[in-house]
Amino acid sequence: MLRIGVDLGGTKIEAIALDGAGRALVRERIATPQNDYMATVMTVAGLVERMEQSLGERAHVGVGTPGAISTLTGCIKNANSTCLNGQPLLRDLQTVLRRKIRLANDANCFAVSEATDGAARGARTVFGVILGTGVGGGLVIDGRVLGGANAIAGEWGHNPLADEDAAPPCYCGRSGCVETWLSGPGMAADHRRHGGEAIDAASISARAEAGDVACEASFLRYADRLSRALASVINIVDPEVIVLGGGLSSMARLYTEVPARWGRHVFSDAVSTRLLPPMHGDSSGVRGAAWLWPLEDGE
């Protein structure tokens with residue numbers, strides 16, 4: 001069964017075709033039309049149609065998108081690509097492509113990818129984490145992504161981070177959200193608040209590795225906050241595996257520093273949850289969109 005996955009990002013749209021074994025047959029990437037909803041819909045449809053023409057086969061299509069589908073309106077909500085908000089994206093794509101498609105939050109697609117044939121393959125419960133410009137997450141149980149009653153399952157980035165005196169404002173309208181601390185911009189802002197230079201998260205990590213004392217302190221504050229935030233997820237979901245994605249997932253020391261700290265915040269005498277880097281890197285989102293159609297699902 002041919003599957004096509006589409007990762008609808010703010011700056012680029014990527015599509016991939018997978019065969020039944022998960023092998024990539026063809027891949028294409030194109031710039032996202034800016035602030036133009038219908039142009040975005042037609043660009044996605046054009047990518048799918050070109051792939052099908054080149055492969056000579058009609059495919060099942062999955063799409064990963066910022067935000068989620070509102071259970072009230074059927075339209076997109078909470079997308080940082082604001083031209084999508086309030087729009088019936090699923091309906092319009094199904095109309096243009098003349099078939100049923102599956103659509104999920106991009107963090108959910110990341111989690112599906114790593115749970116299906118990635119770092120967490122074989123685990124029954126997987127929490128996929130995005131640590132990048134924003135902070136998101138997705139939960140996969142027995143191979144199926146959990147959407148939730150309100151279509152927000154996994155949105156841990158907009159919970160408050162406990163045990164913090166300061167409360168940086170968040171774009172969502174609240175203050176002190178996990179995202180304000182653990183996103184790349186959040187890490188950089190914390191470094192500046194402690195007297196550091198105006199540098200990005202990657203530079204902070206690199207300088208910490210090189211022995212910079214201020215950057216090392218910023219990195220350790222970040223690792224401690226991440227351990228507390230993930231401990232709250234473990235206490236509720238108790239996943240077998242947590243996989244980190246996004247730009248900050250490349251900080252290799254997180255995979256030792258965070259598990260060394262989260263035990264004191266987890267309500268258990270031992271923590272067997274594994275913290276792992278992604279197997280598919282920045283391809284996980286688009287692969288997960290394709291895997292929204294499981295092997296046994298022939299709709």
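These legends go with several views of a predicted model.

**View 1. The whole protein chain, with its nine helices and 12 strands.** Here's the full fold before we zoom in. The C-alpha trace spans about 55 × 40 × 40 Å along its principal axes. A compact globule of 299 residues would have a radius of gyration near 19 Å, and the protein chain has 19 Å, so the two agree. As for how the chain is wired, take the contacts between residues at least 6 apart in sequence: 62% of them join residues at least 24 apart.

**View 2. Inside and outside of the protein chain, with 53% of the 299 residues counted as buried.** On the outside, the protein chain exposes about 13,300 Å², and carbon and sulfur atoms supply 52% of that area. Charges are part of the picture too: there are 28 positive and 33 negative ones, and their mean positions sit 3 Å apart.

**View 3. Cysteines C170, C172 and C177, where sulfur atoms come up short of bonding.** Which cysteine sulfur is closest to that of C172? The one in C170, at 3.7 Å, and that is too far for a bond. Shift over to C177 and the closest cysteine sulfur belongs to C172, again at 3.7 Å and again too far. A disulfide would need the two sulfur atoms within 2.5 Å. A search of the whole structure turns up zero disulfides. Are C172 and C177 buried or exposed? C172 counts as partly exposed, because its relative accessibility is 28%, whereas C177 is buried, with a relative accessible area of 2%.

**View 4. T43 in helix α1, which runs over residues 37-55.** T43 has a relative accessibility of 16% and so counts as buried, the cut-off for that label being under 20%. What does T43 touch, once its neighbours within four places in sequence are left aside? It is in contact with I13, I30 and P33.

**View 5. G20 in the loop between β2 and β3.** Strand β2 covers residues 12-18 and β3 covers 24-31, with G20 in the loop that links them. G20 is partly exposed, its relative accessible area being 34%. Now pick out Y37 as well: how many residues separate G20 and Y37 in sequence, and how far apart are they in space? They are 17 residues apart in sequence and 32 Å apart in space, going from C-alpha to C-alpha.

Terms used
Residues numbered from 1 in each chain as written. Predicted model: local features only at pLDDT ≥ 70, side-chain atom pairs only at ≥ 80, totals over all residues. Heavy atoms only, no water. Helix = DSSP H or I, 4+ residues; strand = E, 2+ residues; numbered from the N terminus. Rg over C-alpha atoms; globule rule 2.2 N^0.38 Å. Buried < 20%, exposed > 50% of the residue type's maximum accessible area, 1.4 Å probe, protein only. Contact = heavy atoms within 4.5 Å. Areas by Shrake-Rupley, 256 points an atom, 1.4 Å probe, with all protein chains shown as cover. Lys, Arg positive; Asp, Glu negative; His and termini not counted. Charge placed at Lys NZ, Arg CZ, Asp CG, Glu CD.
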